[in-house]
Each structure stands twice: as C-alpha cells, then as structure tokens.
Amino acid sequence: MCAPTYEKLLPDGSKLQRQMEAEEKNNQIQITHQKTKLELEQKLKDGTRNACLSVILLISAWSLMMPHMQARRDTLQCDSFCLGSMNSARSMLTLVGSAFMGRLSDSQSIKFSMFGTGNRNGNGNGRMLCLYIGTLATFLGFAISASTFSIQGMWLGMIPGSLLQHNYNVFKAMLADYHEEISQFNKSVEGEKNSINKSDAQSSTSTNDENENENENENGNESDKDASSSERAGSVGKLGMSVGIAFMLGPLVGATIVKSYRGAVMFAMVLTSLSTIFIAKMPHIEKSSVEEEKQMNSNSAQDTNNENRSIWSTLGSAIDVKSARSPSAIFLITIRVSMALAFHIFNTIWTVSLKKRFDFGPSDHGKFMSFVGFVFAFSQGFAAKRMLAPLSRKGRVRLLQACCVALGVGRVVAYQVDSLAIVYVMFGLIVTALGVVNTVLTADTCLIATSAEIGGLFGVLEAAQSGAGMVGPLIGGALAKIHPVTAPLAAVVFLYIVVFFLVAFGYEKLLYRQHNEKDETSEESGKASSEIKKEM
C-alpha cells in the first residue's frame, strides 16, 4: 500500500493557502525579473547612445582637419615619400597599439580602480581606462600639432593617437558586454523556469507534457539566439553609423566653417574634450557572481605573478589572446585580411582613375567622400538591421555571399564606366554591401570570445587589418607594373571570390555551430549553479 503524500494529509484550507503563497511568490519573482530586464535594456540603450555620441565627436575632430591637411603638407614641403612614410608608420603604430589596447581593455585588475575607472564592486574597468587613454592621446596629438610648425611636429602629433586611440574597438567590446549581460540574465531566468517545470512534471508524472515543454524551449532558444544576434547587429550598426556621420560632417565643417589649419586643430581639441563627457556617462558592467569570482581569482593570480616578472614578459602576456587562436577567430581574420587587401589594392588605382576620367579635384573628392559617409551611415544604422532581422542564420550566410558579389562586381563596373552617375550608383551599392558585411562580422565576432577576451580579439582583428593596410598598397603597386588596370582588378575580384567560398563552406560551421555548443555548455553550468543556489 502506497504511503499518502503530504498534500493529501493537509486540510483543504491549508492546501489552498500554500497554492496562493506559491502563486504570489512566483508573481513577485516575475515582477523582479521584468524590472531587472528593463533596467538591463535601458543600460544597453544608454551605453549605445553615449558610445555613438562620443565616436561622432572624436572622429569628427580628426576628419574636420582633412580639408586643411594637404595645404599644411604642401607648406611644409612634405612630398609623396614623406606622406607614404607617415602612412606606413601610422599603420605600424596602429598594428601594435590596437592589439595591446584591446587586450588591456579586457583587464579588470584592481590597480585600475585608482584611476577612477572602477565599477560598483571595487574592481577596475580596463575598458573605461582605455577610453580615457585614447581620448587623452588624441588631445595630446592635436596639442603637439597646434604648437609646432614642422614636419617633425607632424610626425610627433601622429604618434599618440595612432598608438593609443582605439576607442571605436573598445566601444564595440563594451556593447558586447551589455548584450552578454542581458543574455546571461535571460539564461538564468530560463534555467529557473525549466527547473520549476521539471519539478511540476515530476509531481504530475506527465512525461508527454515534459517532452512537449522541452521541444518548445528548444524552439524558443533558437529564435532567441537569432533575435539576440539581430540586436547585436543593430547596436554595432548604430556605432558604424556614427562613423559615417562623422566622416560626412567633419570635412563639411572643416571646409566651410573653419578657415585655417590652426583653427581646425583648436576646434578638434574642443570636440575631443566634449567626447570625454559621454565616456564618463557609460554605464558600468555588473558581472554575474560566478563569472565575477572567476575574474577576481584570475586577476589576483595575475597581479601576484606580475610582481615577479619583467616588463617584457608582462607585455607579452597582455597581448596573448587565446580566443584569437581558435579556428573561428582565424577564419574571421582571414576574411577581414582578404577584404582589407582588396580595398587597399583597389585604392592604388582608383584615385588616379577618377582624375583621368572625370578630372576630379579637391571639391569633387569632398562631395564623393560625403556621399560615401552618408551611405555608410545609412547602411549600418538602418539597412543592416532591417535586412538581418527576418533572416535565419543560413539566410545571413547567403546575404554575406550576395555582398561579396556586389563588392567584386561593383568595383569592376565602377572602374570601367565613363558616367559619373553610374559611378555614384555603383559605390552606393558597394558601400551598402560593405556596411552590411562589417555589421554582421562584428556582431558575430562577439559569439566566439568571452567578455574577458572580446576586447583583445577586436584588437587582434584591427591589427590584422592594419597589417593588410601596410602590405596592400605595395601589392597594388607591384601588380600595376604588370598591367595598370587588369592585374589589380583581377586581384581584387580573386580576393572577393575567396571570401565568397570561405563564407559558403565555413561560416555556419565554424561560427554558428561552435556558438551553439558553447551555449549548451553554459546553459548546463547555469542550471548547475542555480541548483546550488537553491540548495544553499
């Protein structure tokens, strides 16, 4: 004879009271979860807005000097060799600085809290520190340029910003942190719901209902992943739109309002200072208790080891990013480098072609760059998210392939035609495709690295593209000696074909499937931690 359960021994009134208490408790939990989710979403909105405003001010400060730079170089007799040497040095400094600053932004060392960049828990915030360093370096470079009138002063003014100002990549890492915070919260809530459903299923012994709930959860998780990826793309797109707006407004203000190089530098210093205000308003990241404990243990061990190590070994470990050695990261680096090489090879013949076909002058170049900036802002701020929202992950892969075709064919057509209107149309297509590709690649980069390494991974990607910026013009020049048109264009088309097949056969396998496996592992650990909390 089976023993009666505890519920059957209770009076009807007590049983009803327990049910009412349980329902009230569940309602309170749901209200708390909803309030926390709204707070996290508001934090994401505030962080995205402040990051975009800071980027607009910072890049506008640099781009408004562009109309006066050529006159400054001509006055100082900086010839093509001088300019080429400065561009190569800038690429080298960017290569080194982007990798180091990106890795530094991942650090949560307690030592950083002394600079006023700590979070509420007392830990340092490497991302905030790097943002302040980048702004200070930009201001210092402008101050050197304003106080000197020599080629040496131009070199010295270039160094601080090229080496230390990588705020755009750091902002991308911070937006990834905000999205990860929301994702972790949703997983914890989902884990609690699953545990409650399992306990209810065990009490009712309805295995069919349990299987149906599991299938519904799997379908819901898949749609949540697609929605999360679309939201990440939207945030990255808004940040990219800020870059386009800055490149559109900066040269316009520099050519119409500011009348001298010195006036442009002073105006740039004011804009740089204003960008710091929005950096200070960036919301802090609050890590989960399990992740925070791991980070604190890692930081304390790292700080202890660094006391007994030389500065060179410490710097070497700082730029060591484990996630950058994964197959997914190498795959993305290959795509980024291939596209950067295609861009720089094409640029070696594009400017000369515009001058030869349409007699382009400074005013024409300014209008053309403003058009490119406007389309780039539109593609990343509006088109990309709306194109990606209804697509599944396979659909995104097909969209990337279509963009590769548009980039390759568009450049060939734009180079061959004799109609300026068609050139504008083709470049509108090219820049739109480029904006969509950048948005997707940046959003999906967040899938292959944890919050502790995402900044370093963005830095490695930027360093790889800077390396392509050093090699690409040399390759373009060498190919132009073989044939001034056919050889460079053929190389550009070949590189986009390589990217097309890489996306077709490797993107879904190396990025999305690996991310699904990581999600399953993190969900299991999240369930285990929630069960431990309940037992405690």
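The following exchange walks through a predicted model of one protein chain.

Colleague: How many helices and how many strands does the chain have?
Modeller: Start with the whole chain, which has 536 residues. Buried residues make up 45% of them. As for secondary structure, the count is 17 helices and 0 strands.

Colleague: What share of the contacts with a separation of 6 or more joins residues 24 or more positions apart?
Modeller: Contact here means heavy atoms within 4.5 Å. Take the contacts in the chain with a separation of 6 or more. Residues 24 or more positions apart account for 84%.

Colleague: Which helix gives the largest share of the largest nonpolar core?
Modeller: That core has 67 residues, and Ile-335, Met-339, Trp-350, Phe-427 and Tyr-507 touch the most other members. Elements giving two or more residues to this core include H7 (167-204), H12 (327-358) and H17 (486-535). The largest share is 15 residues, and it comes from H12.

Colleague: How much of the span 329-346 is helix?
Modeller: The unreviewed UniProt entry annotates residues 329-346 as one of its transmembrane regions. In the model, the end C-alpha atoms of this span lie 26 Å apart. Strand makes up 0% of the span, and helix makes up 100%.

Colleague: And how much of the span 239-258 is helix?
Modeller: Residues 239-258 are also among the transmembrane regions in that UniProt entry. Their end C-alpha atoms lie 26 Å apart. Strand is at 0%, and helix is at 90%.

Colleague: Is Thr-94 buried or exposed?
Modeller: Thr-94 is found in helix H4 (residues 80-105). Leaving aside neighbours within four places in sequence, Thr-94 is in contact with Ser-162, His-166, Glu-462 and Ser-466. Its relative accessible area is 14%. The cut-off for buried is under 20%, so Thr-94 is buried.

Colleague: What is the C-alpha to C-alpha distance between Gln-77 and Ile-151?
Modeller: Gln-77 sits in the loop between helix H3 (66-75) and H4. Gln-77 is exposed, because its relative accessible area is 68%. In sequence, Gln-77 and Ile-151 are 74 residues apart. In space, C-alpha to C-alpha, they are apart by 8.3 Å.

Colleague: Which residue forms a salt bridge with Lys-43?
Modeller: The model holds 4 salt bridges. In this one, the closest N and O atoms are 3.2 Å apart. Both residues are buried. The partner of Lys-43 is Glu-181.

Colleague: How many residues apart in sequence are the parts that Lys-43 and Glu-181 tie together?
Modeller: The two form a salt bridge. Lys-43 lies in helix H2 (residues 12-63) and Glu-181 in helix H7, so the pair ties together parts separated in sequence by 138 residues.

Colleague: In which helix do Arg-49 and Asp-46 both lie?
Modeller: Their side chains meet in a salt bridge, at 3.2 Å from N to O. Arg-49 is partly exposed, because its relative accessibility is 43%. The two residues are 3 apart, about one turn of the helix, and that helix is H2.

Colleague: Is Asp-359 buried or exposed?
Modeller: The side chains of Asp-359 and Lys-355 meet in a salt bridge, 3.1 Å from N to O. Lys-355 has a relative accessible area of 47%, so Lys-355 is partly exposed. Asp-359 has 52%, so Asp-359 is exposed.

Colleague: What is the area of the nonpolar surface patch that includes Val-270?
Modeller: Val-270 is found in helix H9 (residues 261-280). At 44% relative accessibility, Val-270 counts as partly exposed. The patch is made by Phe-267, Val-270, Leu-274 and Ile-277, and its area is about 310 Å².

Terms used: Residues numbered from 1 in each chain as written. Predicted model: local features only at pLDDT ≥ 70, side-chain atom pairs only at ≥ 80, totals over all residues. Heavy atoms only, no water. Patch = residues over 30% accessible without salt bridge, like charges linked within 9 Å, V, L, I, M, F, W, Y side chains within 5 Å. Areas by Shrake-Rupley, 256 points an atom, 1.4 Å probe, with all protein chains shown as cover. Helix = DSSP H or I, 4+ residues; strand = E, 2+ residues; numbered from the N terminus. Buried < 20%, exposed > 50% of the residue type's maximum accessible area, 1.4 Å probe, protein only. UniProt positions renumbered as here; feature names shortened; annotations may be inferred. Core = buried A, V, L, I, M, F, W, Y, C linked by side-chain atoms within 4.5 Å.
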